[in-house]
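I sat down with this one to see how its strands and helices are put together. These are my notes, in the order I looked things up.

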Amino acid sequence: PDQVDMVFIATGSDFADALAGAAVASRLGVPLLLVGSDFIPAATAAELTRVSPTTIVILGGEAVINAEVETALQAFGSTTRLAGSNRYETAVAISQYGFPDDGSANTVVIASGTGFADALAGGPAAAALNGTLLLTEATRLPQAVRDEIIRLAPSEIIVLGGTSVVSSSVLNELNALAPTTRIFGSDRYTTSAALSSVAFPDGAEKVYLATGLNFPDALAGGAAAAAQGVPILLVSTSAISPSVKAEILRLGAYEVVLLGGSGVISSTMEGLAEALGM
């Protein structure tokens, strides 16, 4: 819309904070924009001017978005910062901001804090399931994350990715907190399709496609997709995997939105209707 009360701001140089922010941004009905660690891109400044927020929520500490950027952002609205001593605690702080009441999340989606591929589709899925997204180490569940799951008291936990990114021991620890399901595929594209099928069982009128080879486009797109109640699926530069093709058809989407320029998703992919046999 032309005006919003709040905007989330995350770094475009790393993925962790924006991954956690996408689901909460959707819950609050606000967009997520990206900045550099020490500068505000002109496009971001222009969008902040256009939507004229009252509050700007900065995701992450000064190591990812420095104090000078925060000061500059105050020209567009009052700022507040959600941060912890590491990415796991920052994700918890974001979750607490979006779900301040104990026992208020139906689902917790757990993703690796060290790799982005499986989690890029996690924000819209978590939002669709009235949940939040938290991060874990591969072989250890951080205490802050455990405490947040206990506070939220979800009815289910969904782990994204195989055992190489979230170990069986972590899954077992999570299963002791709430019934836990692992969603994964043979690659990041198949994983995104499998997650979509769980989070959007009744289909969706629209689907966002983002490259699975990098994270910035899907980070900002995750909040938009989540706000519209539709999934993000991952593609390569010039091809749609069979699993993603099948999921788009199952969803019954009548609109496909490609995120990013032709350098990340080839212009040949714009003929999606023909490629999907629609």
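In what order do the four strands of the open sheet come? I had to keep in mind that I'm looking at a predicted model. I traced the sheet and got E6-E5-E7-E8, and the pairing is parallel. Strand E6 (131-136) and strand E8 (180-183) sit at the edges, so to speak: each of them pairs on one side only. I also looked up the twist, and on average neighbouring strands here are turned by 25 degrees against each other, if I ignore direction.

Next I zoomed in on one pair. Strand E7, residues 156-160, runs parallel to E8, and four bridges join the two. I picked out one residue to follow: Val159 has Arg182 in E8 as its bridge partner.

Then I checked what lies on the sheet. Helix H6 (residues 143-152) packs there and touches strand E5 (107-112), E6 and E7. The direction of H6 makes about 160 degrees with that of E6.

Last entry: a helix pair. How far apart are the axes of helix H1 and helix H4? I found 9 Å, with a packing angle of about 5 degrees between H1 (residues 16-28) and H4 (residues 87-98). Angles under 35 degrees count as roughly parallel, so H1 is roughly parallel to H4.

I listed who does the touching, too. On the H1 side I noted Ala20, Gly21 and Val24, among others, and on the H4 side the contact residues include Ala91, Ile94 and Tyr97. Sorted by type, the residues in this contact of H1 with H4 come out as seven nonpolar, four polar and three charged.

Notes. Residues are numbered from 1 along each chain as its sequence is written. This is a predicted model: local features need pLDDT of at least 70, side-chain atom pairs count only at pLDDT 80 or more; totals for chains, interfaces and linings use all residues. Side-chain values use heavy atoms; hydrogens and water are left out. Two strands pair if DSSP finds at least two bridges between them. Axes are lines fitted to C-alpha atoms, for helices over the stretch in contact, and angles run from 0 to 180 degrees between N-to-C directions. Contact means heavy atoms within 4.5 Å. Angles under 35 degrees count as roughly parallel, over 145 as roughly antiparallel, 65 to 115 as roughly perpendicular and the rest as oblique. Ala, Val, Leu, Ile, Met, Phe, Trp, Tyr, Cys and Pro count as nonpolar, Asp, Glu, Lys and Arg as charged, and the others, Gly among them, as polar.
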